[in-house]
Amino acid sequence: MAALSLRLCSPPLLCRASLSNGDNHHHHHHHATDASFIKRAADLSEKSAGLTSPHPNFGCVIATPSGKIAGEGYLYAQGTKPAEALAVEAAGELCRGSTAYLNMEPGDCHGDHAAVSALLQAGVGRVVVGIRHPLKHLRGSAIREMRSHGVEVNVLGEDFQSKVLEDARKCCLLVNAPLIHRACSRVPFSLLKYAMTLDGKIAASSGHAAWISSKLSRTRVFELRGRSDAVIVGGNTVRQDDPRLTARHGQGHTPTRIVMSQSLDLPEKANLWDVSDVSTIVATQRGARKSYQKFLASKGVEVVEFDMLNPREVMEYFHLRGYLSILWECGGTLAASAISSGVIHKVVAFIAPKIIGGSKAPSPVGELGMVEMTQALNLIDVCYEQVGPDMLVSGFLQPVPDLLPVIPSEDATFEIDPSVNPFESSIIFFYKTWDLYGSFSNFSPHPIRMPYGDDDYRTWSSVEHYYQANKFVGVENPLAHDCVEKIRTAKSPEEAALIGRSKQRQQPELVRSDWEDVKIEVMYMALKCKFSTYPHLKTMLLSTAGSVLVEASPHDLFWGGGREGEGLNYLGRLLMQLRSEYLGESSVSAENTSLAL
């Protein structure tokens, strides 16, 4: 049967006036071309979704004045070559005088302008940007930089408005919905997925649920998982279904599994307790079943306790951990709680042409406290698609935010609350590469050249690549050598970390015996090389003089600050030590200069 694809869209996210009647055919054609290439850039950018997480999606298309595609590229992951640089390499000499189409404004690490530089050096004459970067400290800076070099930069919807441009702009908002939500709220972008029968049941009265939807639909679910940072279920799903929650496509990204359970009334044997390939985190109420918590810890499962275990608290915590997108595959009770908490942004429902009946058979969403049909929640931008025998209905419960909320300036804040002193910057937090001080992260995209073996040097894509590989250096075992090589050639810092950590967990005999003694020194040497190699990073580090540097990972108790400040913050300590050494060198240098004078 031919696939049926219908689309029903409610009004656009923003209502903008259409172009005046005087707008001529040339303008319309120009806009249609821009819209078409921007949509292509958005589609391209989506290719990276789920390969390594978390990361924004960037795509770039370079088109010649005659309208032919000369080159294109997409960002594989944070810490890899920018989409713009890849597109420029592909286009070569054809870049000169061409137009570059970007689904989103480049978001280079502070002081590192690789994406913008690639476009400028290639001689691109015009740049069309789908949306400005949603993060406040990056918003507009790349656009200003390109304009300052004489490049014409158009941002969709800012110079002209039309239906065709608005549709293209919407594609750009949707492809980076997780990042936009991160910028505008304190919770990750959350998608609720379920499969149900035609009469609205997610299981039989007995609890049996395999399989409601078709194999084709289940393949789509694996794809959804592969594009998410984490998959979340409740305790009941673990007890009834014993899920694996893997992406099952054999390669690329597998999301973290999260279980929410207040009582920890969970089985001792469960597929989710096997963390050899992917980690599991159990979120529970503080003090719940301490002996069972110890059992989970012995299996390598991380347990996080909450004073109040509810979806909003849990999502705010995972937002702090840097998660951008969460897939909820839970039962009706937890789904209702998550919807009521306002943390679900999109719903994806697979409806199978089956009827199972049963007054006690569970439904996908439990009690929401609504008594009249007028209270029902309406989905926005609804899409219908046939997947095999099933119908896939999806839509948003909340629109994708279009702009950052207006944040008052320091002066305005001081007027509101004179006790806030904008000049007291005693602590500087950093964590993800998109943070203001994200370049301090060991995951930042700054290659380093370090000694390897007796008299050899090698280039490592990031500090994290070098650090993870060193766990296995010098071990007389071919498997250890293979591991070093796999880490060195990993396409992103996230992948390097995944390989290093899982090998260390699965085959501890491959890890060098002195690792615990030398790991701080290894990290320090790599950081020193990085900050010595890149002058703008050294300048940024020196600009923090007098401030405490804290690696704000809430879950890392060694390199990070820990959830409630209980971490050792060794990364922050090493950076402060390095800063102190640089400041000492500059003061000695200044002293010598004055003596010479």
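**Exercise 1. Work out which strands sit at the edges of the five-strand sheet.**

Start with the strand order: five strands make an open sheet that reads E3-E2-E4-E5-E6, with mixed pairing. This is a predicted model, by the way. Next, look at the two ends of that order. Strand E3 (69–74) and strand E6 (152–155) each have a single partner strand, so one side of each has no neighbour in the sheet. Those two are the edges. As you step from one strand to the next, the twist averages 15°.

**Exercise 2. Describe how E4 and E5 pair, and find the helices that lie against this sheet.**

First, a reminder: strands of a sheet pair through backbone hydrogen bonds, either parallel or antiparallel. Here, strand E4 (residues 99–104) and strand E5 (residues 126–131) go for the parallel option, with five bridges. To see one of these pairs, pick methionine 104: its bridge partner in E5 is isoleucine 131.

Now add the helices. Helix H5 (residues 163–175) packs on the sheet and touches E4 and E5, its direction making about 60° with that of E5. Helix H2 (residues 83–91) lies across strand E2 (59–63), E3 and E4, and runs at about 150° to E3.

**Exercise 3. Sort the side chains of strand E16 by the face they point to.**

Here's the rule to begin with: in a regular strand the side chains alternate between the two faces of the sheet. Now apply it to strand E16 (residues 427–430). Ile428 and Phe430 point to one face and are buried. Ile427 and Phe429 point to the other face and are not buried.

Check one residue against the cut-offs. Isoleucine 427 has a relative accessible area of 43%; buried would need under 20% and exposed over 50%, so isoleucine 427 counts as partly exposed.

Then look at what surrounds the strand. E16 runs parallel to strand E19 (residues 548–551), joined by four bridges, and phenylalanine 430 stands opposite glutamate 551 in E19. On the surface, Ile427, Phe429 and Val548 make up a nonpolar patch, with about 270 Å² of accessible area together.

**Exercise 4. Compare three salt bridges: where are their partners, and how buried or exposed are they?**

The whole structure holds 22 salt bridges. Let's take three of them one at a time.

1. Aspartate 34 and arginine 126 meet at 2.6 Å, N to O. This pair links distant parts of the chain: aspartate 34 is in helix H1 (residues 25–45) and arginine 126 is in strand E5, 92 residues apart. Both residues are buried.
2. Aspartate 167 pairs with lysine 163, with the closest N and O atoms 2.8 Å apart. Both lie in helix H5, four residues apart, or about one turn of the helix. Aspartate 167 is partly exposed at 27% relative accessible area, while lysine 163 is exposed at 54%.
3. Glutamate 385 pairs with arginine 220, and here the closest N and O atoms are 2.9 Å apart. Glutamate 385 is in strand E14 (residues 380–387) and arginine 220 in helix H7 (residues 215–226), so the pair ties together parts that are 165 residues apart in sequence. Glutamate 385 is partly exposed, at 27%, and arginine 220 is partly exposed too, at 27%.

One last step: salt bridges that share partners join Asp34, Arg126 and Glu152 into one network.

Conventions:
Residues are numbered from 1 along each chain as its sequence is written. This is a predicted model: local features need pLDDT of at least 70, side-chain atom pairs count only at pLDDT 80 or more; totals for chains, interfaces and linings use all residues. Side-chain values use heavy atoms; hydrogens and water are left out. Two strands pair if DSSP finds at least two bridges between them. Axes are lines fitted to C-alpha atoms, for helices over the stretch in contact, and angles run from 0 to 180 degrees between N-to-C directions. Contact means heavy atoms within 4.5 Å. Patches are made of residues with over 30% relative accessible area and no salt bridge: like charges are joined within 9 Å, nonpolar side chains (Val, Leu, Ile, Met, Phe, Trp, Tyr) within 5 Å. Accessible areas come from the Shrake-Rupley method with a 1.4 Å probe; for residues, only the protein chains shown count as cover. A salt bridge is a side-chain nitrogen of Lys or Arg within 4 Å of a carboxyl oxygen of Asp or Glu. Buried means under 20% relative accessible area, exposed over 50%, partly exposed in between (1.4 Å probe, protein chains only).
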